[in-house]
Structure formats: structure tokens, C-alpha cells
Amino acid sequence: MDKAPLIILLASPRGFCAGLERAIEIVERALCKFGPPVYVRHEIVHNRYVVEGLEAKGAVFVENLTEVPENVPVIFSAHGVPKHVPAEAKSRHLFYLDATCPLVSKVHREAERHERLGHQVILIGHAGHPEVIGTMGQLPEGAILLVESVEDAEAIQVDDPNQLAFITQTTLSVDDTAEMIDVLQRRFPKINGPKKEDICYATTNRQQAIKAIAQDAEALLVVGAPNSSNSQRLVEVARKLGCDRAMLVQRAANIDWTALKGVSRLGISAGASAPEVLVEEVISACRERFDVTIQEITVTTENVQFKLPKVLGETALSA
Ligand code: SF4
């Protein structure tokens, strides 16, 4: 039987960002240099495929430092950690490597700078996300106020509107965050903000690329994990633009083919924690069922490089 034609609109940029490639490289190089096991506090990136691949090489993922034995290296994940975590590692004389993305570390430094200047800090972000826990943990407990929505921004009470600053999580919806910032700036005209916005280049570019395909696509698959903030935001951005059949899929095996019935134009993208091999797997699964033509829609190209920690060699990585 002839296969039905399917045009795949492939968003670009998509998938891995420089921060998560660096984090994975840190684990791989640590395994080579020190030998297994290497402990990692929290999933190094929010992707089971990546985590299981590293586990097979000897990485051990734990949620708490108390689970890390003496005399083995421990790595902190790309999302960043509260200050008490490296302090605890030091007090136990653990050898640790920090794989926090430099763009998350930049937000941590902003929080510290505002505290030094006497500003009360508002963080725009999602409660419970590891990055938010890490950023709030840069200042003493209770020092940072969290805003998750426009309603929160309207309701928040501050100590002094003249001594106020905001920072944001790096992986938020660009448009939703702009709305929250508008509310804060209306209510507190003297609020200080970041010189260059905190939402990272990878999040911004992937959302722009999704916007470029969402209106043309009858359905859209975002390859990514349910606990990946930037993957979830990509699905939301596509739905907001009218692509109701925008879905998150972790692997090809998770695709709901009945939901794609009758679709002739399918958008595909991937969150910053999803490797390209999983995008290829999804495209291969489409080829088994459809006569596929691929149109890659590129909104920008990326050439961001982050250094590795000195102890692992500083060779720059690019995305
Ligand atoms: S999504 Fe952005 S902030 Fe997060 S690791 Fe990637 S580059 Fe860094």
C-alpha cells in the first residue's frame, strides 16, 4: 500500500544547547579521568536517554549529597545548586565539579549583586524546578520572592518599591515572562532588571523556531522530557499559536499515531535537553508510516561556546 505523503517542518535551532552539552561532557571526562563510579547530584540533564547512557558508563545519579560516599568525585547538574550544597561538599572534603550552566551562574551572580546593593529580589520562575531552588538558594532563606504568573506579579507585596530588582529562570516562555515583567514595571517603576535578559539564548531561539513552524503545522511533536522546562514551554508556545495538536514525546515509542491521523504537515522540534539522535529516531518512525519530505526551517544559527572546568581541560565546546 502506498504511504500517505507527510511534510515534516523541522525547527532549527532545536535540541541540545551549549550548557547541557558541557554538563554531559563534564560527566564523560570525569569518568575517563577518575574512573567509575562518578556521582552526579540530580539528573545531569532532564533526559532519561542521556542519563541511562551515562549510568551505563559508570555514573551514579543521586538526589542528595548524603548518598555520595567519601573518595569519589561528585558533579552538580547543569541546573545549578543552592549555596549550601558546595558548602556541605567542602565540609565533607568531597571532590566536586560544578556543571552549572554558565548562563545559570550569571543569574546567581545577579542575585548576589542585588543583595549587595540592598535590593529585594523577585525571581520569575516555576516553584520546585531545580534551577529555581538553586537560584533561591544563593541568598538566605526568604530573601528572594517568587513570581510564577501575571496574577502573582499583580499581588506581590514588597518591602520598598524603590529598592527592588527582578531576575528570571533561564528556560521560561519569552512571551509569558514579558507580560509578568510588564506588570512588575507598571507596579514598581523603579525596579531594576537584568542588563541583558536572563532567559537564555537557547530557550529564546528554540521558541522562535517553533513560532516559525507552528502556524503551518497541523500537528507538532516536541522531543523532550516532562520535567524539562524548556521542552514544556515549546509545546505551550505552539499551542498558543493555534497548533492544538502540539505534543511532548520522549521517544518514538511514545508517539500517539492516532492523534496524527490525517496530518499532512507535521512540525518537529526538540527541547534543549534532547539529543539529536532522538529527533532522528522520531523522523525514522515517521518514515516507516509516511512518505516523508523534510523542510528544515532555520531562524538563526548558534555558535555558543563554554569552557570546561580546568581540572578536565578547558577545551571549548560549541553548539
Ligand atoms: S537551556 Fe540555556 S541556561 Fe539551560 S543549560 Fe542550556 S544554555 Fe544553559
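How many bridges join strand 2 to strand 3, and do these strands run parallel or antiparallel? Select residues 38-41, which form strand 2, and follow them to strand 3: 4 bridges join the two, and they run parallel. Strands are DSSP runs of E with at least two residues, helices are runs of H or I with at least four, and both are numbered from the N terminus; two strands pair if DSSP finds at least two bridges between them.

This is a predicted model, in which local features need pLDDT of at least 70 and side-chain atom pairs count only at pLDDT 80 or more, while totals for chains, interfaces and linings use all residues. Residues are numbered from 1 along each chain as its sequence is written, and side-chain values use heavy atoms, with hydrogens and water left out.

Stay with strand 2 and select Arg41, which stands opposite Val62 in strand 3. Now show the whole open sheet of 4 strands, whose order is 3-2-4-5 with parallel pairing. At its edges are strand 3 (59-62) and strand 5 (96-98), each of which pairs on one side only. Next add helix 1, which lies across strands 2, 3, 4 (74-76) and 5 and runs at about 155° to strand 5; such angles run from 0 to 180 degrees between N-to-C directions, with axes fitted to C-alpha atoms, for helices over the stretch in contact.

Turn then to the open sheet of 5 strands, which has the order 10-9-11-1-12 and parallel pairing. Strand 10 (246-249) and strand 12 (290-298) each have a single partner strand, so one side of each is left without a neighbour in the sheet. Select strand 1 (residues 4-12), which is joined to strand 12 by 9 bridges and to strand 11 by 4 bridges. Within strand 1, Ile8 stands opposite Ile294 in strand 12, whereas Ile7 stands opposite Arg265 in strand 11.

Finally, select the ligand, which is surrounded by Cys17, Gly19, Leu20, Cys101, Leu103, Val104, Thr170, Thr171, Cys200, Tyr201 and Ala272, each having a heavy atom within 4 Å of the molecule. Helix 1 (18-34) and helix 4 (102-116) are the elements that give two or more residues to this shell. Colour the shell by type and you will find 8 nonpolar residues, 3 polar and no charged, where Ala, Val, Leu, Ile, Met, Phe, Trp, Tyr, Cys and Pro count as nonpolar, Asp, Glu, Lys and Arg as charged, and the others, Gly among them, as polar.

Key: Contact = heavy atoms within 4.5 Å.
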